Amino acid sequence: MKNKSIEEPKMYFERNTIVILVLASLAITADYFGYTILIQPNPWGIFLAILGLALTMQTLWLILNPYTLVYDDKFEIKQSFFLNKEYYFLDIKSIELIHQKMIITYNDLEKDALPLFGIRNAHKKTMFEHLKKHIDLNMIGRDF
């Protein structure tokens with residue numbers, strides 16, 4: 001029996017490949033130097049190995065997760081392993097795309113600037129237009 005409580009995304013937008021490659025090269029470099037220092041009896045290798053492990057985990061997480069997931073009633077932006085946010089279309093009044101930031105205006109006129117570093121440049125405009133369409137459709141059905 002299929003579990004209907006699991007919601008599947010309707011659309012997703014990918015990350016910039018160059019950002020992932022740079023982060024992967026940094027992770028491989030930190031892992032290599034951490035290993036070479038650890039095989040010698042040097043305690044500084046532990047710090048470099050921990051940094052390399054953290055960069056490796058971040059890189060793997062970025063490879064496996066898209067930048068934005070769009071559902072029927074919300075969208076998730078997964079910028080990094082530590083920075084994941086969900087935004088519900090019902091809470092948003094409007095969005096604007098200014099340079100490298102997306103300005104989200106909520107119903108209480110509070111603004112939130114969301115940096116778009118790491119998303120593919122080709123997907124940035126498409127993502128904005130898709131989210132704008134969802135927000136406009138949601139605004140039609142509101143009575144407040």
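Biologist: How many nonpolar, polar and charged residues does the lining of the largest pocket have?
Modeller: This is a predicted model: local features need pLDDT of at least 70, side-chain atom pairs count only at pLDDT 80 or more, and totals for chains, interfaces and linings use all residues. Residues are numbered from 1 along each chain as its sequence is written, and side-chain values use heavy atoms, leaving out hydrogens and water. A pocket is an open set of points on a 1 Å grid over the protein atoms alone, with protein on both sides within 12 Å along at least five of seven lines; lining residues have an atom within 4 Å of a point. By class, the lining has 7 nonpolar, 4 polar and 1 charged.

Biologist: Which element gives the largest share of that lining?
Modeller: The lining includes V19, L62, Y67 and F117. Two elements, DSSP runs of at least four residues for a helix and two for a strand, give two or more residues: α1 (17–39) and α2 (44–64). The largest share, 3 residues, comes from α1.

Biologist: Which element supplies the largest share of the largest nonpolar core?
Modeller: This core, buried nonpolar residues (under 20% relative accessible area, 1.4 Å probe) joined through side-chain atoms within 4.5 Å, has 19 residues. β3 (74–78), β5 (92–98), β6 (101–106) and α3 (121–140) each supply at least two. The largest share, 4 residues, comes from α3.

Biologist: Which α3 residue does F75 touch?
Modeller: F75 is among the core residues with the most contacts inside it. Contact means heavy atoms within 4.5 Å. Beyond four places in sequence, F75 touches I92, M102 and I104, among others, and, within α3 (121–140), L131.

Definitions and conventions
Buried means under 20% relative accessible area, exposed over 50%, partly exposed in between (1.4 Å probe, protein chains only). On a 1 Å grid over the protein atoms alone, a cavity is a set of points where a 1.4 Å probe fits but cannot get out, and a pocket is an open set with protein on both sides within 12 Å along at least five of seven lines; lining residues have an atom within 4 Å of a point. Ala, Val, Leu, Ile, Met, Phe, Trp, Tyr, Cys and Pro count as nonpolar, Asp, Glu, Lys and Arg as charged, and the others, Gly among them, as polar.
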